[in-house]
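User: Please take me through the following model by question and answer. I should like each reply to end on the value or name requested.

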Amino acid sequence: MSSDRTEDFDFHLPESLIAQEPARPREAARLLDATQPDMFADRHIRDLPSLLKREDLLVANNTAVIRAQLHGLRGEAKIGITLDQIQPDGSWHVLVRNARRLKVGDSIAFPGVQDTARVQALEPGGGAILRFSAEGNDFDAFLQKAGALALPPYIHRPKGPTAQDTSDYATIFERNKGAVAAPTAGLHFTPALLKAIDATGAQRCTLTLHVGAGTFLPVREAEISEHKMHSERGIITPETAERINATRKAGGRIIAIGTTSLRLLETATDENGIVHPFDGTTSIFIRPGYKFRAVDMLLTNFHLPRSTLFMLVSAFAGVERARQIYAHAVASGYRFYSYGDACLLRCAHSIHAHHLGTVE
């Protein structure tokens with residue numbers, strides 16, 4: 001079963017289930033194990049190693065979140081800016097609040113620093129291209145002074161992100177700066193959990209997908225096929241591609257840590273299930289009807305109603321199964337969104353003849 005109507009991916013979520021801070025310690029978060037057909041097991045993230053096999057390969061996203069929220073001034077006008085994606089020429093695609101106060105060529109100042117930004121292009125709907133006076137390491141230093149974390153709008157911080165958020169909203173895998181939002185499934189992992197995973201004999205590797213500001217945007221079109229997916233930059237090294245292909249050949253399972261890892265893997269995988277090295281952008285929109293080429297299991301947090309990520313989960317687990325999973329999560333008090341709990345899913349629609357979702 002598949003659907004093209006956005007309303008079919010709606011569900012009721014009590015606001016009390018939207019997590020405002022993560023579980024402490026992180027591996028104490030709950031884990032809804034939906035890998036077995038027709039049943040659920042209520043576990044915790046710390047139980048993940050017991051669900052793995054020696055032949056498994058876990059693939060995590062090593063992007064690092066930047067301080068992407070900026071407050072600028074054009075004259076007296078306050079301009080809110082959220083960095084989205086760096087462009088090949090070094091300029092930035094951004095989302096702008098109060099964009100009507102801007103025109104091409106305007107200079108934007110930032111209180112407390114010397115650096116400025118010039119408007120190179122304006123887009124309908126509040127997008128813009130800005131060229132900052134600082135680049136490279138100087139730009140990183142500028143963000144440290146002038147920027148703030150762009151926390152999702154459902155995490156309420158009336159006075160802005162806290163010092164605790166700076167560490168809470170960072171994953172243990174982070175290495176390459178460039179994400180606006182954290183790859184939230186990775187937030188659950190700690191050194192102790194990685195040590196327990198390694199003790200099972202299962203392998204780990206990473207890729208990079210810089211999560212953009214568009215990840216928070218709801219689907220506004222009535223038909224999901226009319227939704228224009230945002231573009232994000234991703235890298236899979238030849239070494240990582242080789243490890244994934246070797247795992248597949250040996251009969252192991254590819255387990256994506258988060259939807260960002262899954263989306264990049266599916267982008268880089270051909271119709272024969274071979275993962276290729278990748279360095280570019282992806283705007284892949286995975287929705288019901290999609291046949292998965294790369295991933296056998298998915299660890300992911302619980303996503304927003306009517307979002308492209310809930311549509312991805314529905315494609316991966318099956319539409320009816322996804323509804324059951326989310327209904328169970330709501331009824332059982334699981335915590336939702338970035339700082340919330342997680343679920344472990346098996347792929348219902350794969351190109352591979354052998355199905356690797358069952359935990360023995």
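The exchange below treats confidence, helix packing, and selected loop residues.

Analyst: This is a predicted model, in which local features need pLDDT of at least 70 and side-chain atom pairs count only at pLDDT 80 or more, whereas totals for chains, interfaces and linings use all residues. Residues are numbered from 1 along each chain as its sequence is written, and side-chain values use heavy atoms, with hydrogens and water left out.

User: What pLDDT does the protein chain average?

Analyst: The pLDDT is the predictor's confidence in each residue, from 0 to 100. In the protein chain, 97% of the residues score at least 70, and the average pLDDT is 94.

User: Over which residues is the pLDDT below 50, and how many contacts does this stretch have in the model beyond near neighbours in sequence?

Analyst: Contact means heavy atoms within 4.5 Å. The pLDDT is below 50 over residues 355-360. Beyond near neighbours in sequence, the number of contacts of this stretch in the model is 22.

User: Is helix α5 largely enclosed or not, and how many of its residues are buried?

Analyst: Helices (H or I, at least four residues) and strands (E, at least two) are DSSP runs, numbered from the N terminus. Buried means under 20% relative accessible area, exposed over 50%, and partly exposed in between (1.4 Å probe, protein chains only). The buried set of α5 includes R263 and E266 as well as L262, L264 and L265. Helix α5 (residues 259-267) is largely enclosed by the rest of the structure, because the buried count among its 9 residues is 8.

User: At what angle do the axes of α5 and helix α6 cross?

Analyst: Axes are lines fitted to C-alpha atoms, for helices over the stretch in contact, and angles run from 0 to 180 degrees between N-to-C directions. Angles under 35 degrees count as roughly parallel, over 145 as roughly antiparallel, 65 to 115 as roughly perpendicular and the rest as oblique. The two helices are therefore roughly perpendicular to each other. The axes of α5 and α6 (residues 308-317) come within 11 Å, and their crossing angle is roughly 65°.

User: Which residues of α6 do T259, L262 and R263 in α5 meet?

Analyst: On the α5 side the participants are T259, L262 and R263, and their partners in α6 are L309, L312 and F316. By class, this contact of α5 with α6 has 4 nonpolar, 1 polar and 1 charged residues, where Ala, Val, Leu, Ile, Met, Phe, Trp, Tyr, Cys and Pro count as nonpolar, Asp, Glu, Lys and Arg as charged, and the others, Gly among them, as polar. The α6 residues asked for are thus L309, L312 and F316.

User: Is the crossing of α6 and α7 left-handed or right-handed?

Analyst: A crossing is left-handed if the near helix is turned anticlockwise from the far one by less than a right angle, and right-handed if clockwise. The axes of α6 and helix α7 (residues 319-331) lie 6 Å apart, at an angle of about 120°. While the crossing of α5 and α6 is left-handed, that of α6 and α7 is right-handed.

User: Against which elements do the buried residues of α6 pack?

Analyst: In α6, 10 of its 10 residues are buried, and the helix is mostly covered. Towards α7, the residues F310, V313, S314 and A317 of α6 meet V319, R321, A322, I325 and Y326. The buried residues of α6 pack against α5, β16 (297-301), α7 and β17 (342-346).

User: With which residues is D341 in contact, leaving aside its neighbours within four places in sequence?

Analyst: D341 is found in the loop between α7 and β17. With a relative accessible area of 2%, D341 is buried. Its contacts, with neighbours within four places in sequence set aside, are A29, R30, H188, N301, F302, Y334 and R335.

User: What is the phi of D38?

Analyst: D38 lies in the loop between β1 and β2 and is exposed, with a relative accessible area of 76%. It is a residue other than glycine, yet its phi is positive, near 65°.

User: Which peptide bond is cis, and what is its omega?

Analyst: P25 is found in the segment before β1. The cis peptide bond runs from R24 to P25, with omega near -5°.
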